[in-house]
Amino acid sequence: MKISFTLNGKQTGVDVSADRKVVEVLREELMLTGTKEGCGAGECGACTILVDGRARLSCLMTAAQIEGRSITTIEGLSQNGGGMHPVQEAFIENGAVQCGFCTPGMVLSAVDLLDKNSDPTREQIREGLSGNLCRCSGYVKIVDAVEAAALQIRREKAR
Amino acid sequence: MREVILPGSLEELWRLLSDRPQARVYAGGTDLLVRMYKGLLDPEALICLDRIEELKGVGEQDGCVRIGSCATYGRLVEEPLVRCLPALRKAIGQIGSPLVRNMGTIGGNICTASPAGDTLPPLYAMEAEVELLSREGSRRAPIREFITGPGATCLKRAEILSAVWVKKPQEYNVHHFEKVGLRNALACSVVTMAALLRLGPGGMVEKAAFAWGSVAPTVFSCPEAQEALSGKPLSAASLSRAADLVRNVVRPISDVRADADYRRAVAGNLLLRLLDVAYERKG
Amino acid sequence: MIKRMIEVGYPAPRFDAKAKVTGEEKFAIDYSREGMLWAGARRAGVAHAIIRKIDISKAAALPGVYAVLTRKDVPGTNRQGIVHKDQPVLAGSRVRHCGDAVALVLAEDRDVLEKALGLIAVELEPLAGVFDPEEAMRSEAPLVHESGNLLHKAVIRVGDARGAFEECDVVVEDSLEVSAQEPAFLETQNGLAWQEPDGRITMIVSTQAPFRDRFEIAHALGLDVEAIRIVSPCLGGGFGGKDGATVQCLLALAALRARGRPVKMRWGREESFTAGYKRHPVRMRYRVGAMRDGTLHAVSCRLIYDTGPYAHLGVEVMALGMEHACGPYRVPNTLVEGWCVYTNNPISGAMRGFGVCQASFGIETMMDQLASKLGLSPLDIRLKNGLRRGDTNGAGVTLVHSTGIVACLEGLGVHRLWKDRAKWKSEAGPQKKRGVGIAAVSNAMGYGRGLPDSAIARVELTKEGKIRIYSGVPDMGQGNSSGFIQIAGQTLGQDDSHLEIIQPDTDLAHPSGSSSAGRTTYTYGNALIPACEDMKEKLLHRASLLLMLDQPCGLVLLPGKVKHLPSGREVPFELLGRMFSQTDRIAVKHFVMPVAQDNPDSAKEFRLGFPHVLFSYAAHLVYVEVDELTGKIDVKDYLALTDGGRVINPACFDQQVHGAVAQGLGYGLMEKVLTERGKILNPNFTNYIIPTSMDVPDITSVCVETVESTGPFGMKGIGEVGTNAPLPAVAAAVEDAIGRRLRRSPLTAASVLGALSGRGAAR
């Protein structure tokens with residue numbers, strides 16, 4: 001099945017089985033390996049992508065479902081305007097990255113969260129990231145990073 | 001490879017359903033696709049309801065909130081009308097994770113008919129009705145009749161669940177939902193309880209409606225406990241008696257998440273929380 | 001790009017953070033090659049059986065199937081294992097656990113692979129299995145291996161524990177049990193391999209031990225070690241579960257058959273559970289005696305480790321557990337007995353904490369019981385007995401290195417969370433009980449005696465004028481490679497723009513052991529410093545030649561250049577890079593970790609891995625709230641004080657502490673591998689649950705800096721020590737809250753509710 005959609009801002013077409021997992025389409029057909037697969041059952045969040053700006057599990061979507069949609073993967077997050085997204089910057093600066101396997105999904109969940117709530121409490125951040133498992137960090141510095149990113153985004157908006 | 005079709009309208013859907021009677025219908029995919037990708041299901045074709053806007057609306061009519069079956073949990077938590085249904089809203093807010101809530105739908109939760117479906121106890125307690133639609137027309141059925149067993153409903157061939165109707169529970173002034181899982185997010189329910197109370201002067205229980213999830217093949221109601229509390233002031237002693245009644249009649253199973261004894265004990269214990277919930281309400 | 005100050009002691013962002021937040025970092029799972037085949041193993045599915053027949057004909061006939069291999073296709077010994085070679089690559093005659101691989105399929109794509117695996121007909125004659133380690137030791141038990149079910153028995157004896165109990169004023173006794181824990185790294189076991197035209201095998205694999213993998217593969221498949229090249233990119237987590245062959249031997253076997261075509265093998269999550277290595281379940285029986293003032297006088301304990309059907313590192317795990325069985329305390333009389341037993345359960349092996357997690361629950365529980373019996377505070381009894389440098393530990397080793405447990409405990413004692421505990425507890429809401437618990441733990445570093453803990457560092461001045469480090473030890477997420485950049489930056493006076501690191505490649509780096517045992521940064525770092533000093537001397541000397549100086553004096557290294565301060569003249573690295581000959585641009589140095597010099601007269605049963613002389617220490621405190629209606633435990637606050645010597649990067653230090661605590665909390669509260677007749681009932685993240693962001697509180701990490709004079713810049717490894725304390729600390733806090741001690745991990749809501757109902761409170 002031919003599927004066309006917007007991928008990281010660019011019109012893209014692929015020819016794949018309609019029922020193929022989106023995470024496989026991204027990783028194996030489009031070679032965008034930044035999106036990870038950790039469980040294949042919606043339980044870890046490593047495969048998180050943005051679909052029309054909202055965080056979704058790409059392991060629980062069929063290829064057909066992205067027809068006509070706008071998909072943002074971790075590779076595309078930094079392309080908008082060139083530099084890195086404030087969430088990415090904050091993850092680097094706040095020590096929120098360890099093995100890095102959960103990181104792309106975690107970053108995209110954080111982007112979605114901050115899009116909906118630009119001034120979340122730590123508890124709300126924990127809640128917002130609760131679908132993304134991290135086995136390395138204990139989440140503390142990830143929450144720090146999202147707090148810092150929120151502040152940065154509010155500052156940028158205020159300018 | 002199997003087809004996946006995304007009809008854009010109900011008209012298109014009816015045509016597809018008659019052309020492909022073996023196709024499986026799904027909305028968010030958070031349940032069906034898990035099973036399909038694990039190889040537990042092998043449908044000939046899939047029909048995804050994601051693009052049918054008519055199924056996503058939330059509206060108000062005759063004192064009822066009508067929730068479109070394909071409204072995602074995430075959308076419903078934000079929806080002002082759902083604030084009139086606090087127990088349901090609380091249940092929805094604790095389903096899975098934000099990622100699951102961005103995808104999963106209330107109609108999916110109902111049609112999956114899992115004993116652990118988190119929206120079901122509040123919908124049962126509020127005596128919700130489901131709206132079932134086919135090319136021939138629509139019908140309504142009480143949710144407790146619609147769900148016939150674990151994973152089983154009386155949905156007919158070429159029929160879909162289009163909406164759920166919930167009467168605004170204005171007769172109650174305490175709206176409670178509690179979920180007991182093995183962790184604080186991404187948790188399958190071990191026991192859930194929805195409880196609605198109307199408390200009169202002096203803490204008198206004028207009306208009560210309870211429903212439990214994960215303690216029976218379908219959502220469990222306990223009229224004995226409701227009756228035991230009604231007409232008496234809410235107290236630790238009265239709740240304790242009602243809790244005993246619940247423990248006596250509930251017949252939960254043991255599984256990898258919890259054993260039956262634990263579920264039975266907790267199903268009763270959760271009633272004991274109501275005193276604090278009610279007092280907190282009174283400030 | 002901003003140039004970063006990366007001096008030792010500065011919390012510089014990890015050098016790999018940028019690639020990881022942008023998705024550019026390539027893990028083993030992200031590699032693919034043109035013409036790639038997929039390999040997959042057919043697993044036995046039953047725990048104990050004789051293999052009667054394996055019919056591969058249907059699978060082999062399926063279009064798209066490249067090959068189907070069974071035991072008879074395996075050249076070499078068909079035996080893998082790190083120390084004990086007891087695990088078949090492909091089982092041919094016997095199945096010893098559900099995860100045994102009985103056939104290997106190579107297919108053009110994954111759909112065909114899955115189908116073919118299902119078409120293999122395996123005819124098994126079931127055997128009675130043994131699933132309980134104590135039953136396995138009985139004479140009538142079914143045998144997992146013909147040599148018997150007792151893999152190893154050992155005794156550590158110091159003084160005369162039996163006699164010493166007579167002298168004690170108080171003696172406490174108890175039995176405890178801990179269950180298996182899944183490492184649950186997010187990147188499952190996987191790799192990509194192919195045979196080069198010259199016959200060598202190249203493998204890109206998610207591994208903690210690239211150099212050792214070559215020996216395992218070579219031994220199993222009858223290959224020359226030199227004919228195997230292992231490349232190990234950053235790992236998506238390891239935690240011990242990727243120490244030792246996972247996909248390696250199967251994948252090399254597949255590559256041998258694939259005639260040059262690349263083959264990829266990726267275990268799905270369920271296979272990762274079924275066939276992967278777990279933390280050992282252990283049963284413990286403890287007896288601890290003390291004098292009236294709280295001075296420990298005798299400890300005796302019996303520890304039974306269930307290692308599953310294969311040794312993996314079972315004996316070594318037990319050795320380390322036994323070595324730590326008396327805690328970070330001075331105990332003059334000890335008797336520690338250990339049994340490491342084969343069963344038909346899933347394979348137990350290395351996991352962060354390596355046997356110490358389990359024993360820490362044992363001894364710390366006993367310390368609390370002793371304190372309560374003597375009317376002492378749990379802190380005072382630990383302070384009284386805490387090891388100090390110069391003491392002899394429970395294994396009879398004299399502590400001649402940095403020993404910071406007392407400093408950790410003192411820090412805990414003055415912390416607000418300790419001082420405010422009574423007030424916090426008194427503010428519990430309705431139906432809630434609050435409690436506070438502490439634990440003191442240690443964790444040895446390195447391989448211990450009998451296996452030199454060595455690393456060989458290699459640095460190079462590239463033609464482009466960069467300093468390149470060839471890491472010999474993988475980075476599984478702990479940040480050792482960032483540490484190496486920082487160590488090199490400090491030694492050579494460079495910022496991060498002039499440094500680069502190559503992840504381990506056995507063709508480029510030198511054998512440096514595994515990424516494990518709290519030794520990764522310590523041992524490699526200690527080799528890297530002299531390698532960098534050697535490089536520095538070269539750079540200064542060669543620059544002095546270019547500058548026509550009579551002597552290399554007045555020269556300093558500055559970022560990207562050598563400067564002659566008296567004249568102000570500079571030589572950029574780019575110039576030196578072009579000038580250096582190929583053989584000259586490299587500096588290679590090695591290091592071997594010191595070992596204990598005492599000669600304890602017991603535990604001779606351990607050929608290697610015992611004893612140790614370098615330890616990290618930690619004291620933890622936890623606030624918990626227990627719900628009386630559901631038994632649910634909520635962790636509300638957490639404090640971890642850690643002695644890891646001097647800190648190279650405070651941010652990475654905290655990362656390790658936070659992560660260890662989270663894993664320990666998972667172990668203590670919710671993680672349990674459920675089995676029925678050896679089959680895992682919850683081989684997925686739906687029912688094997690690990691903590692989410694809602695389950696871990698903010699964790700305060702306090703660094704208690706000692707100086708470890710043998711460590712690179714005074715550091716010690718702290719990757720493991722933090723996993724050992726959460727379970728005992730939480731158990732103590734729960735007891736403080738509800739007045740009942742739970743003796744079995746994980747401390748589930750059901751067990752709490754059971755304990756509460758035993759007390760006659762809420763049902």
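**Notebook: chains A, B and C of a predicted model**

I began with chain A, where strand 1 and strand 2 form a hairpin with 2 residues between them. In the turn I noted A:Asn8, which has a positive phi of about 50°. This is a predicted model, so I treat every value below as computed from it. Strand 1 covers residues 2–7 of chain A and strand 2 covers residues 10–15. I found the two running antiparallel, joined by 6 bridges. I looked up one pair: A:Ser4 has A:Gly13 in strand 2 of chain A as its bridge partner.

**Chain B, sheet**

Next I traced an open sheet of 5 strands in chain B, with the order 4-5-10-6-7 and antiparallel pairing. Its edges are strand 4 (58–61) and strand 7 (137–142) of chain B, each of which pairs on one side only. With direction ignored, neighbouring strands of this sheet are turned by 25° against each other on average.

At one edge I followed strand 4 of chain B to strand 5 (residues 64–68) of chain B; the two are antiparallel and share 4 bridges. B:Val58 has B:Ile67 in strand 5 of chain B as its bridge partner. B:Ile67 came up again later, among the residues with the most contacts inside the largest nonpolar core.

I also checked what lies against the sheet strands. Helix 1 (residues 10–19) of chain B lies across strand 6 (129–134) and strand 10 (159–167) of chain B. The helix runs at about 135° to strand 10 of chain B.

**Chain B, Ser189**

Is B:Ser189 buried or exposed? I count B:Ser189 as buried because its relative accessible area is 2%, and the cut-off for buried is under 20%. B:Ser189 lies in strand 12 (residues 189–199) of chain B. Its side chain makes a polar contact of 2.4 Å with the side chain of B:Asp118. Leaving aside neighbours within four places in sequence, I listed its contacts, among them B:Ala116, B:Lys179, B:Val180, B:Ser214, B:Arg257 and B:Arg263.

**Cores**

I then looked for nonpolar cores. The largest has 283 residues. Those with the most contacts inside this core include A:Phe91, B:Phe210, B:Trp212, C:Tyr286 and C:Leu303. Which element gives the most to this core? Helix 10 (residues 356–374) of chain C does, with 10 residues.

For C:Leu303 I again left aside neighbours within four places in sequence; its contacts include C:Val282, C:Met284, C:Tyr286, C:Met322, C:Val336 and C:Trp339. Apart from the largest core I found another, of 46 residues, which includes C:Tyr524, C:Leu539, C:Ala543 and C:Ala587.

**Chain C, overall**

I counted 20 helices and 30 strands in chain C. Its radius of gyration is 27 Å, close to the 27 Å that the globule rule gives for 763 residues, so I record chain C as being as compact as a globular protein of that length. Along the principal axes, its C-alpha atoms fill a box of roughly 85 × 75 × 55 Å. Buried residues make up 66% of the 763 residues. Of the contacts in chain C with a separation of 6 or more, 80% are between residues 24 or more positions apart.

**Chain C, sheet**

Last, I traced an open sheet of 4 strands in chain C, with the order 18-26-27-30 and mixed pairing. Strand 18 (432–444) and strand 30 (699–703) of chain C are the edge strands. The twist averages 15° from one strand to the next. Strand 27 (residues 633–643) of chain C pairs with strand 30 of chain C in the parallel sense, over 5 bridges. Here I noted C:Tyr638 opposite C:Ile699 in strand 30 of chain C.

Notes:
Residues numbered from 1 in each chain as written. Chains lettered and ligands numbered in written order. Predicted model: local features only at pLDDT ≥ 70, side-chain atom pairs only at ≥ 80, totals over all residues. Heavy atoms only, no water. Buried < 20%, exposed > 50% of the residue type's maximum accessible area, 1.4 Å probe, protein only. Polar contact = N/O pair within 3.5 Å; in protein donor to acceptor, adjacent residues only side chain to side chain. Contact = heavy atoms within 4.5 Å. Pairing = 2+ DSSP bridges. Axes fitted to C-alpha atoms, helices over the stretch in contact; angles between N-to-C directions. Core = buried A, V, L, I, M, F, W, Y, C linked by side-chain atoms within 4.5 Å. Rg over C-alpha atoms; globule rule 2.2 N^0.38 Å.
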